[in-house]
Amino acid sequence: MVNGVRGTRDFYPEDMRLRNWLFQKFHSSSLSHGFEEYDSPIIEHEELYTRKQGEEITQQLYNFEDKGGRKISLRPEMTPSLARMVMARSGTLPLPIKWYSIPQCWRYERTQRGRGREHYQWNVDIWGMEGIEADAELLSVMVHMLSSVGLTHEDVVIRISSRKVLEEVLGSLGIEGDSFTKTCVIVDKMDKLPAETVSAQLSELGISDSSIATIQSVLGVRELSDLKGMLSTDSPAVIELEGLFRLLESYGIVEWTMFDASIVRGLAYYTGPVFEAHDRSGDLRAICGGGRYDKLIGTLGGRDLPATGFGFGDMVIMELLREKGLLPDISSRVSDVVFSMDESLRGAAMMVSSKLRDSGRTVDLVLEPKKMKWVFKHSERTGAERLVMVMPDEWQAGKVRIKDLKTGEESDTDFESL
Ligand code: HAM
């Protein structure tokens, strides 16, 4: 087959330069907040993902049987692998754990703008902290990254709610436990599916029409103060969210955020605050999303440990940056092009290149006989700063000629002092 697999991408050097630039921003924002990098294999036991709450992600697995008859899946997300790693060292890792990673994830999705069948997903998570301070710190990392690529709160909004809002409402309607989780997974599709489809799916769960109406009216709320009227006056969900917004004010990032009760997220394991960032124009899919998942390890058979985090894909952000003209113009990183005037000086050019490379320069040595015109064009293409020419008379005198490609100035330099 000459084509790559549908929904996957090739990264040509010019794409790779941009990807590295983006990943560098992921790294530096994580490090600026004291997070440490981790990694894990791209394959896991399928079992790690076979949750039964109707989540799309569990139906999109790239799974297969390996030669030993094991059921294996490419990871569709990083969180279960992280939970597995934390579980394996349970009790020995100093808390809180503040880790980040940039894994490639695989989901058999319907491909569309900003969604592919593979993507890289920056994951930032904190384990071992119950308080909303951890959630606020994560939002700070997220905003740090968004600012570092030149976006502002006029471009992006982070919508925040809490699973506890719906939990309180549904609890009062007698919808709890597994039914509650399934309801969240369905409700998450409100903006993607027609209202009737969502209502029908909720009915199938045994939720009455009046309860569906209540759910819908709660999800429409966009002001925390309005929510107060709908929940009990001392609603823990509202108190927690108010606390969270106060912390965001202290971080100086509250203008990037808003309360939005319709944010519930489509993954079953969330238990508390949940958040998603979107472009303000609303043209693109979510830029990133996450939330608190205090009970994930329990579902994997371990002892629960509070956790919160987010995943931030590489596709939507690139679309947005391209749209806003914020992608940098990055040329390759060659500092010197080295060129010998004739065949007999090839060895000399290699010596010159080695010396320059040892001194830390990035050198592209012209390996074949080429005309001067080609060399100049090539230097321009690579964005080199200098052209180092090995010429017969100069080399005899122990010198090379250096042309500064910005100013056009030429000078002869001793080989020894290169
Ligand atoms: P998620 O909302 O499924 O959450 O994915 C998080 C982000 O990954 C999305 O907002 C989007 O940027 C990117 N993403 C997801 N699927 C695709 C796709 N098919 N193509 C391109 N980008 C995609 C999770 O995965 C959670 N595990 C995040 C998390 C970490 N929660 C706590 N910690």
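What follows is a chat about a predicted model of a protein chain with a bound ligand.

Q: Before we get to the ligand, which domains is the protein chain divided into?
A: There's domain 1, residues 13-323, and domain 2, residues 336-417. Keep in mind that this is a predicted model.

Q: And how far apart are the C-alpha centres of domain 1 and domain 2?
A: Those centres lie 52 Å apart.

Q: OK, ligand time. Which residues come nearest?
A: Glu77, Thr79, Asp125, Tyr270 and Ile287 come nearest, out of 26 residues around the ligand.

Q: How do the residues of that shell divide into nonpolar, polar and charged?
A: Nine are nonpolar, 11 are polar and six are charged.

Q: Which strands each supply at least two residues of the shell?
A: Strand 7 (118-127), strand 11 (288-292) and strand 12 (307-313) each do that.

Q: Let's talk polar atoms. What does the side chain of aspartate 125 do with the ligand?
A: An N or O atom in the aspartate 125 side chain is 2.8 Å from a nitrogen atom of the ligand. Asp125 is also one of the residues that come nearest to the ligand.

Q: What about histidine 119 and glutamine 121?
A: For histidine 119, a side-chain N or O atom sits 3.2 Å from a ligand nitrogen. Glutamine 121 has a polar side-chain atom 2.9 Å from an oxygen atom of the ligand.

Q: How much of the ligand does the protein bury?
A: The protein buries 96% of the 660 Å² that the ligand exposes when taken alone.

Q: Switching to sheets. What's the strand order in the open sheet of three strands?
A: The order is 2-4-3, and the pairing is antiparallel. Strand 2 (43-45) and strand 3 (63-65) are the edge strands, each pairing on one side only. From one strand to the next, the twist averages 35 degrees.

Q: How many bridges are there between strand 2 and strand 4?
A: Three, with strand 4 covering residues 71-74. Isoleucine 43 stands opposite leucine 74, and histidine 45 stands opposite isoleucine 72.

Q: And on the other side, what joins strand 3 to strand 4?
A: Three bridges, with the strands running antiparallel. Asparagine 63 has serine 73 as its bridge partner in strand 4.

Q: What's in the hairpin that strand 3 and strand 4 form?
A: Five residues lie between the two strands, and glycine 69 in the turn has a positive phi of about 80 degrees.

Q: Which residue other than glycine has a positive phi?
A: Arginine 265 does, with phi near 75 degrees. Look for arginine 265 in the loop between strand 9 (257-259) and strand 10 (273-279). Most residues other than glycine have a negative phi, and most peptide bonds are trans.

Q: Speaking of peptide bonds, where's the cis one?
A: From leucine 95 to proline 96, with omega near -10 degrees. Proline 96 is in the loop between helix 2 (79-88) and strand 5 (97-101).

Q: Back to sheets: what's the order in the open one of five strands?
A: That sheet runs 14-13-15-16-17, with mixed pairing.

Q: Why is one side of strand 14 and of strand 17 left without a neighbour in the sheet?
A: Strand 14 (363-365) and strand 17 (410-414) stand at the edges with a single partner strand each, so one side of each has no neighbour in the sheet. On average, neighbouring strands of this sheet are turned by 25 degrees against each other, direction ignored.

Q: Do strand 13 and strand 15 run parallel or antiparallel?
A: Parallel, with five bridges joining strand 13 (residues 336-340) to strand 15 (residues 386-390). Aspartate 336 stands opposite arginine 386 in strand 15.

Definitions and conventions. Residues are numbered from 1 along each chain as its sequence is written. This is a predicted model: local features need pLDDT of at least 70, side-chain atom pairs count only at pLDDT 80 or more; totals for chains, interfaces and linings use all residues. Side-chain values use heavy atoms; hydrogens and water are left out. Two strands pair if DSSP finds at least two bridges between them. Helices (H or I, at least four residues) and strands (E, at least two) are DSSP runs, numbered from the N terminus. Axes are lines fitted to C-alpha atoms, for helices over the stretch in contact, and angles run from 0 to 180 degrees between N-to-C directions. A residue is near a molecule or strand if one of its heavy atoms lies within 4 Å of it. A polar contact is a pair of N or O atoms within 3.5 Å; within protein, one must be able to donate a hydrogen and the other to accept it, and residues adjacent in sequence count only if both atoms are side-chain atoms. Accessible areas come from the Shrake-Rupley method with a 1.4 Å probe; for residues, only the protein chains shown count as cover. Ala, Val, Leu, Ile, Met, Phe, Trp, Tyr, Cys and Pro count as nonpolar, Asp, Glu, Lys and Arg as charged, and the others, Gly among them, as polar. Domain bounds come from an automatic or database domain assignment.
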